[in-house]
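Here are some notes for a colleague who is opening this structure for the first time. Please keep the sequence and the 3D view at hand while reading the points below.

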Amino acid sequence: MALTVLAGALAAACGTGNQADDAKGEPAARRCEPVRSTTSGLSEVFPELARLGPVVSAGWCGQAHGSLDTGRVQVPGPSDWVYYGVVRLADGAAAEAWGPWKPAAGPPAGIPTALSSFIPADGQWSSNEAGAYLNRSSATVVLGSVPLRK
């Protein structure tokens, strides 16, 4: 009994349990949780933010990318975690140091639904070679699909 409860808790914590879609249409194994809104720990996951100046606010989360193998999901290892973040900078001009920036239609596709409320709906978007997207009017930077660096 205790082993069954422990296995269920582990599967739920890793996002590898039930494959059913949630209310937002995301498969359970692809949810990006928990969403963090603190800036502590942010520089460990996104070290490139250090050159952009102070972060005013942030929304970020980790997503486990276990491998689907013959109908079962394996528990992800350390290299199977991918992080997404949306940060608002104190000064949007600081992002120019992380260029060159090229015009973009909008933030990258595939950002988890859990972070959509952090992304401004309008503004001028640009992207750089590092895969970051910048909304100049709100000094918002969107980072997608960044593997954990340890």
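1. A search of the whole structure, which is a predicted model, finds 2 aromatic pairs. One of them joins W60 and Y83, whose ring centres are 6.3 Å apart and whose planes stand at 45°, so that the pair is classed as tilted, neither under 30 degrees as a stacked pair would be nor over 60 as an edge-to-face pair would be. Because W60 belongs to strand 1 and Y83 to strand 4, this pair ties together parts of the chain that are 23 residues apart in sequence. W60 and Y83 are both buried.

2. The other pair is formed by W98 and W101, and here the arrangement is edge-to-face, with 6.1 Å from centre to centre and 90° between the planes. W98 is buried, and W101 is buried as well.

3. W60 has a further partner to look at, since the charged side chain of R36 lies over the face of the W60 ring, at 4.8 Å from the ring centre.

4. For orientation, the chain contains 2 helices and 8 strands, and reading from the N terminus the order is α-α-β-β-β-β-β-β-β-β. Of its 150 residues, 35% count as buried. The surface that the chain exposes comes to about 8,400 Å², of which carbon and sulfur atoms supply 56%. Among contacts with a separation of 6 or more, 60% are between residues 24 or more positions apart.

5. Which residues have the most contacts inside the largest nonpolar core? They are F46 and V141, and the core as a whole has 18 residues. At least two residues of this core come from each of helix 2 (42-45), strand 1 (55-64), strand 4 (81-89), strand 7 (132-135) and strand 8 (140-147). Strand 4 gives the most, with 3 residues. Another core, of 11 residues, lies apart from this one, and Y84, L115, W125 and V142 are among its members.

6. V141 deserves a separate look in the viewer. Once its neighbours within four places in sequence are left aside, V141 is in contact with L52, G85, V86, V87, L89, W98, A132, Y133 and L134. The list includes W98, which is also a member of the edge-to-face pair with W101.

7. Y133, in strand 7, can be examined in the same way. Not counting residues up to four places away in sequence, Y133 touches W101, A104, G106, P107, P108, W125, S126, S127, T140, V141 and V142. As for A104, the C-alpha atoms of Y133 and A104 are separated by 7.9 Å, although these two residues are 29 residues apart along the chain.

8. How many salt bridges does the structure hold? There is 1 salt bridge, in which the side chains of R136 and E96 meet at 2.2 Å, taken from N to O. The pair links distant parts of the chain, with R136 in the loop between strand 7 and strand 8 and E96 in the loop between strand 4 and strand 5 (102-104), 40 residues apart. Side chains of opposite charge can pair when their charged atoms come close.

9. Are the two partners of this bridge buried or exposed? R136 counts as partly exposed, because its relative accessibility of 33% falls between the limits of 20% and 50%. E96 is likewise partly exposed, with a relative accessible area of 43%.

Key: Residues are numbered from 1 along each chain as its sequence is written. This is a predicted model: local features need pLDDT of at least 70, side-chain atom pairs count only at pLDDT 80 or more; totals for chains, interfaces and linings use all residues. Side-chain values use heavy atoms; hydrogens and water are left out. A nonpolar core is a set of buried Ala, Val, Leu, Ile, Met, Phe, Trp, Tyr and Cys residues joined through side-chain atoms within 4.5 Å. Buried means under 20% relative accessible area, exposed over 50%, partly exposed in between (1.4 Å probe, protein chains only). Helices (H or I, at least four residues) and strands (E, at least two) are DSSP runs, numbered from the N terminus. Contact means heavy atoms within 4.5 Å. Accessible areas come from the Shrake-Rupley method with a 1.4 Å probe; for residues, only the protein chains shown count as cover. A salt bridge is a side-chain nitrogen of Lys or Arg within 4 Å of a carboxyl oxygen of Asp or Glu. Rings of Phe, Tyr and Trp (its six-membered ring) pair if their centres lie within 6.5 Å; planes under 30 degrees apart count as stacked, over 60 as edge-to-face and the rest as tilted. A charge sits over a ring if NZ of Lys or CZ of Arg is within 6 Å of the ring centre and within 35 degrees of the ring normal.
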